[in-house]
Amino acid sequence: MLFVSRCTRLCQNIIPKHKNCALTRVPSRNGYIVLLPEISKDLTESLLQVNADHPNFTGLDIKKCENTISNQFIDFECGIRDIEDYLNSVEDGKYDLFKDVLEPIENLSLKFDQMWAVLKTLYLADMSVMPARIYYPIHNKACMSHTTKYNSKPIYEACKKADLSKLTEEQVAVVNKFIKEGKLNGLELSEKLDYSFKANKQKCSAKQKYFKIRLEVRFNYLYCLLQGRYFRFFFRV
């Protein structure tokens, strides 16, 4: 104990005297953040523009596709939020359901679906340009963003309050579509049941992902097994 206390006092006397020494001073580290220029939004949209005949696939690459669809995700979700804010700010009956709500949603969905279809076509046509490891995360994110319009409580309530007797047959079908999808997404559940519903939904999603992985492993195993049998057959011949 005496030896330890003497060593402690010795260190306390030496360290303050040499705190400016190069050996005891911790060097400062300077870091730099390099911001890479983003791809022009106008350029990527022109590359993915759907023409009357067929999409223009010239000059497409992975980075441009990811940048374009990410911008479209943001535009679509922000557009839905703007419609929700409008419905929350306006009084009941002071808006036109189709002109102010459903038609803007349709315009957002149209552009969103066009770009999504182009990426899907690119994946199916040329996996060297759009490999599966890039496409499937984009596809899953697109599925989640696409359901945003059906998970909106203000839009669901606006459709429920609509007077179906004043609408055409096609308009009634559209309104019923939003109402049914809203019910399936749990918009009529209480807070406690909604929490349980979302938890069970996440469990089902995890099991679905696990099943998909196991199915892919089994498929690859079967493929390798068949390849081995063919190899042994030709080797015997």
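What follows is a short dialogue on reading a predicted model of one protein chain.

Me: Before I look at details, what are the ground rules for this model?

Reply: The model is predicted, so to speak on trust: local features need pLDDT of at least 70, side-chain atom pairs count only at pLDDT 80 or more, and totals for chains, interfaces and linings use all residues. Residues are numbered from 1 along each chain as its sequence is written, and side-chain values use heavy atoms, with hydrogens and water left out.

Me: What is the average pLDDT of the chain, and where does pLDDT stay under 50?

Reply: pLDDT is the predictor's confidence in each residue, on a scale from 0 to 100. Here the chain averages 75, and 70% of the residues score at least 70. Over residues 36-40 the score stays under 50, and the model has four contacts for them beyond four places in sequence; a contact means heavy atoms within 4.5 Å. Where pLDDT is low, the predicted coordinates should not be read in detail.

Me: How many helices and strands are there?

Reply: Both are DSSP runs numbered from the N terminus: helices are H or I over at least four residues, strands are E over at least two. This chain has eight helices and zero strands, so reading from the N terminus you get α-α-α-α-α-α-α-α. As for how the chain folds back on itself, take the contacts between residues at least 6 apart in sequence: 66% of those join residues at least 24 apart.

Me: How much of the chain is buried?

Reply: Buried means under 20% relative accessible area, exposed means over 50%, and partly exposed is in between (1.4 Å probe, protein chains only). Of the 237 residues in the chain, 24% are buried. The accessible surface comes to about 18,300 Å², and 59% of that belongs to carbon and sulfur atoms. Those areas come from the Shrake-Rupley method with a 1.4 Å probe, and for residues only the protein chains shown count as cover.

Me: Can you walk me through a buried residue? Which residues is glutamine 72 in contact with?

Reply: Glutamine 72 sits in helix α3 (residues 62-89) and is buried, at a relative accessible area of 4%. Skip its neighbours within four places in sequence, and its contacts are Leu108, Lys111, Phe112 and Met115.

Me: And tyrosine 150, where is its place?

Reply: Tyrosine 150 is in the loop between α5 and α6, and at 12% relative accessibility it counts as buried. Again leaving out neighbours within four places, it is in contact with Lys177, Phe178, Glu181, Gly182, Asn185 and Leu187. Take the partner leucine 187: it is 37 residues from tyrosine 150 along the chain, and their C-alpha atoms are separated by 9.2 Å.

Me: How many salt bridges are there?

Reply: The rule asks for a side-chain nitrogen of Lys or Arg within 4 Å of a carboxyl oxygen of Asp or Glu. That gives six. One of them pairs lysine 141 with glutamate 77, with the closest N and O atoms 3.3 Å apart. Lysine 141 lies in helix α5 (residues 132-146) and glutamate 77 in helix α3, so the pair ties together parts 64 residues apart in sequence. Both ends are partly exposed: lysine 141 at 33% and glutamate 77 at 26%.

Me: What about pairs inside a single helix? How far apart are arginine 81 and glutamate 84 in helix α3?

Reply: They are three residues apart, about one turn of the helix, and their closest N and O atoms are 3.8 Å apart. Arginine 81 is partly exposed at 42%, whereas glutamate 84 is buried at 13%. Helix α6 (residues 153-160) holds another such pair: lysine 153 and glutamate 157 are four residues apart, about one helical turn, with a closest N to O distance of 3.7 Å.

Me: How many disulfides does the rule count?

Reply: A disulfide is a covalent bond between the sulfur atoms of two cysteines. The test is a pair of cysteine sulfur atoms within 2.5 Å, and the count is zero. As for individual cysteines, cysteine 143 is partly exposed at 31%, and cysteine 204 is exposed at 52%.

Me: Which residues form a nonpolar patch on the surface?

Reply: Patches take residues with over 30% relative accessible area and no salt bridge, joining like charges within 9 Å and nonpolar side chains (Val, Leu, Ile, Met, Phe, Trp, Tyr) within 5 Å. Here Tyr221, Leu222, Leu225 and Leu226 make one, with about 370 Å² of accessible area together. Leucine 222 lies in helix α8 (residues 191-236) and is partly exposed at 45%.
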